[in-house]
Every structure is written in structure tokens, then in C-alpha cells.
Amino acid sequence: MANQGNKGFFTRLQNVDRRVLFVLIFASVIVPLFFPLKLPVPVTPETREFFEAVEAIPDSSIVMLPFDFWPSTLAETEPMAVVGLRHLFRKNCYVVGLSNVGMGGPSIADRLLDSIGGEFGKTYGIDYVNLGYKANYQAVMLGMGERIEDIFPTDHRGTPLSEIPLMRRVPNYDSVSFIFVVSDNVAVDYWVGLVNSRFGVPMGAGVTAVMAPKSLSFVQANQLVGLMGGMKGCAEYENLLGYPARATRGMDSQSIIHLLIVLFIVMGNVGYFAAKRKAKVEG
Amino acid sequence: MDTFWTQPFVYYFLPAFFTLAVYSFLFKDNPWFKLAEHIFAGLSAGYYAGLIFHSVIKQQMFVPMVSSGRYDLVIPGVLGFLLFMRFFPKGRWLTRIPLAFVIGTTAGIMFLQQLHGLVLPQIKSTLLPLNDFGNIVIVVGVLTTLVYFYFSKPHTGVLGGVAKVGIWFIMIAFGAHFGYTVMARVSLLIGRMQFIFVDWLRLVS
């Protein structure tokens, strides 16, 4: 009977009701929101290199910031764009925003540029601009190397580029000191593969965690100056900049949920091996 | 109570409603989830159609033609139109003409991007001096993984042993990807909960 009881326990360990997991994960997200633990967020070398590269851009330089992300990944990418804009505006850089994602990209860019630009007293058209979206991003990226106005005759609001003071100074990539890519898709591969390799514009990228392992190879090959990988990377950047915000706030939940997942993986494996051993002993 | 009613309905209540409707699927499939799913599909299709018409057909074809006399843009316009000939059995062959352009230019751009942007820089960054543990791991990992994908000889003996090391590297890479994927998915949940409890309900400052 005791053996049967043990066997049942180990089998149950492998078959925990998924709703129990949902409740635990939900609780792990909610509780730190109300009672922040302020767990430390150690900075990885890739994020530090990214931060230092942006810090090294001369003040008042022209920087391009592609908002290449879908609304579905806002939780990860929006804080990256926000921290990037804060860093650039703090250095009085001029920001040229655009998006290679049609679905929501240009309006997200508009909202964030206006909101963070407003924090720093920046003016649309003089300090920053939103070029909007054009289909076929490979052609867009290559075409901007020749003449941006050919690709974007007007900005997102319909104003001809020739009437925008900032864009009169930015005919192509030659005037761009740095590209701060925020992406949740393969567009970052094309920024690296087409723009960095052909036009030599230095760039760093904030990417979703799913994309981080692949994008790290660009850092290792010096094609990207650094990388913000997922919410963790963004929290690191926020802390380096001295603006702890949404990503930093989410890291308590991240840490607890990861511990929980590790615990369940260990439990599942213990259950599996123990049940297997019992079955073997009992013949 | 004021907090609820002074917020713009479309910015807070609607996104919150659809978030909850989608998460209700965790319990079981239900009409609220289906409603959210269908509205999302319909909205996406409509939004894209409008966006492409405005940003490509109108802004990059009609406007330059009318305002700057760029009548050469009729050529890509006609090519684009020919793609719709697939709906007419007799003229279906005409779609091959624009498709030839699309395939040709895409292949050219991809070749450029893959070779100069990925393959050559990545090979260059793998040619490392073996004076550092990290460099040794990279070189051994690349070589053994490449051996694993060499299928012209049975994976036995030394080749089999090296391929097995390659499998270990591949498995570790999969593990890293999985770990990052978990982090990404958890981030999305955190983002939604921050929206509900911080932005919408304002239960947390």
C-alpha cells in the first residue's frame, strides 16, 4: 500500500493540473506588483556595451530609431523604445523614427515620440520626426541609403519631407550617426545585413527575448555594438540610465516565475525518475 | 469611481475587455474568446488594406504621377495589377511576369544580405585564436555542429563521436532558446497585468 501511495505521489508530480500552474503563475505576477521586492538586476556586458556606445555618440547627433515591433510584444519592446528615446533626448540627439511594421508600428512611434519628446521639451519636425511605414522593408532600408525622400515622400502625418527642418539635414544614412533598432522580428537581421554591412552605420538593438540568442551572434561578430535582450536587458539599460521604469518593475515577477518554473521542472523530473525506479524495483 | 469613467473608453476599457476575453481561453474555449479572435482577424485585414492603399498605392504611385508627372510609375502599377490575374483562369499565366520580378529582386537582396551581412562576418568572427576558453568553445561548437550536419558519411567511429559533441552543442542552444522564450512569454503576461492593474484599474501607483 505504501509503495502504491508513493507511486501515486510520483505520478501526480508529473501530472500537476495545468490550472494549478496558471493560478501560481498569475499570483507570481500580481503579488510583486503590489509588494515590490526590488530584487537586484545585474548588468550583462552586452547591455553595458550598448549603453556605453549610445553614451559615446556626440551630443546633438542625428540618430535613427526604427520602431520595428508589433503591438503584441509591447510589454517587451515599448520600454526599450522609451528608454532609448530618453537616453537620446537627454543627449539632445535628433531622432528620426520610422517603422517597418505596418500594423500599429507608426502610431506607436507617434505616441512614444510625442510623449517622451514632450518630457524633454522637444518639438516635432525640429528635434524628432516620424517617417511612418512603407511596405517591403528590404527595399526601404536599401533605398534610404540613396535618398530617404524617395522612399518617404512625406512623414507619417502627410507633411512633405522638404518642409520638415530636421529632414532637410538627413538626405540619407551619411548624416545618421547611429541606428537604435527596437525589433521583435527578422527586421533586425536586415538592418545588420543590409545597412550595417553596406553603409557602415553603427547600430545597437533592443530585441525580444525570443530573438536574443540569435542576435547575440551579431554582437560577437561586432555587427551590433551591443544588445538589450528582452525585459531583462531593458531593465538593465533603465538602471544604467538612472530611469528605472516598467521593465525594472516587471523583473520581480520574472524572477519569481522563473524560480517557479525551475521548481516544476525539477519536480516533474524527480517524479519521472522516481516512478521509473519504482517500476523497475517492482519488476 | 471617477477613475473608471474619466478614462477614455477606447484606451483602457476596450483593451482590458479584449485581454480578459483572450485569457478566458485558459479556462476553456468560449464565445468571448471567439469574439475577440474574430474582431482581431477582421480589424487586422481591414487595417492592412487601408494602410497599403494609403502608404503605397496612393502615396508612392498616384501622388507622384499626378503632382510630378512620374508616369513611369504606371509600369510597377500594371505589374502589381497583373498579380490579381490569378483570379481569372484564362489570364492566370500573366501573374508569372510580376512574380518573376518579385522572385528576382528578392533573391538578389537576400543573397546580398545573407552573404555580406551574415555568412562572411559570422565566419570571420569564428576564426579565433585558441588562447581563450570562450574562443575554444566557439570554435569547437561550430566545427562539431557542422560535422553533425554532414550526412554524406555514416555517423560512426570518430565522425560519430564528433557529431555527438555537435548534438550536445545544439541541445544547449535549444535550451538557451527555450529559456529566453519562457522569459519572452512571461514578459507578455506581466505587460498585460501591468496594463490591467496599473493603467486601467489603477490599483497600483
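In the predicted model, the contact between the two chains takes 39 residues from chain B and 41 residues from chain A. On the side of chain B that touches chain A, at least two residues are supplied by each of helix H3 (31-68), helix H5 (96-126) and helix H7 (157-200) of chain B. H7(B) makes the largest contribution to this side, with 17 residues. By residue class, the side of chain B that touches chain A comprises 23 nonpolar, 14 polar and two charged residues.

Chain B itself is divided into three parts: domain 1 covers residues 1-69, domain 2 residues 86-127 and domain 3 residues 129-205. A distance of 34 Å separates the C-alpha centres of domain 1 of chain B and domain 3 of chain B. Five residues of domain 1 of chain B and six residues of domain 3 of chain B form the contact between these domains. Helix H2 (residues 9-23) of chain B provides four residues to the domain 1 side of this contact, the most of any contributor. That side of domain 1 of chain B consists of three nonpolar and two polar residues, with no charged residue.

The largest nonpolar core contains 84 residues. Within this core, the residues with the most contacts are Val63(A), Leu85(A), Val95(A), Ile179(A), Phe180(A) and Trp191(A). Helix H4 (residues 74-90) of chain A accounts for the largest share of the core, nine residues. When neighbours within four places in sequence are left aside, the contacts of Val95(A) are Val63(A), Leu65(A), Leu85(A), Leu88(A), Leu113(A) and Tyr128(A). Val63(A) and Leu85(A), both in contact with Val95(A), are also among the core residues with the most contacts.

Notes: Residues are numbered from 1 along each chain as its sequence is written. Chains are lettered from A and ligands numbered from 1 in the order in which they are written. This is a predicted model: local features need pLDDT of at least 70, side-chain atom pairs count only at pLDDT 80 or more; totals for chains, interfaces and linings use all residues. Domain bounds come from an automatic or database domain assignment. Two residues are in contact if their C-beta atoms, placed from the backbone, lie within 7 Å. Ala, Val, Leu, Ile, Met, Phe, Trp, Tyr, Cys and Pro count as nonpolar, Asp, Glu, Lys and Arg as charged, and the others, Gly among them, as polar. A nonpolar core is a set of buried Ala, Val, Leu, Ile, Met, Phe, Trp, Tyr and Cys residues joined through C-beta atoms within 7 Å. A residue is buried if 20 or more other C-beta atoms lie within 10 Å of its own, exposed if 12 or fewer, and partly exposed in between; C-beta atoms are placed from the backbone.
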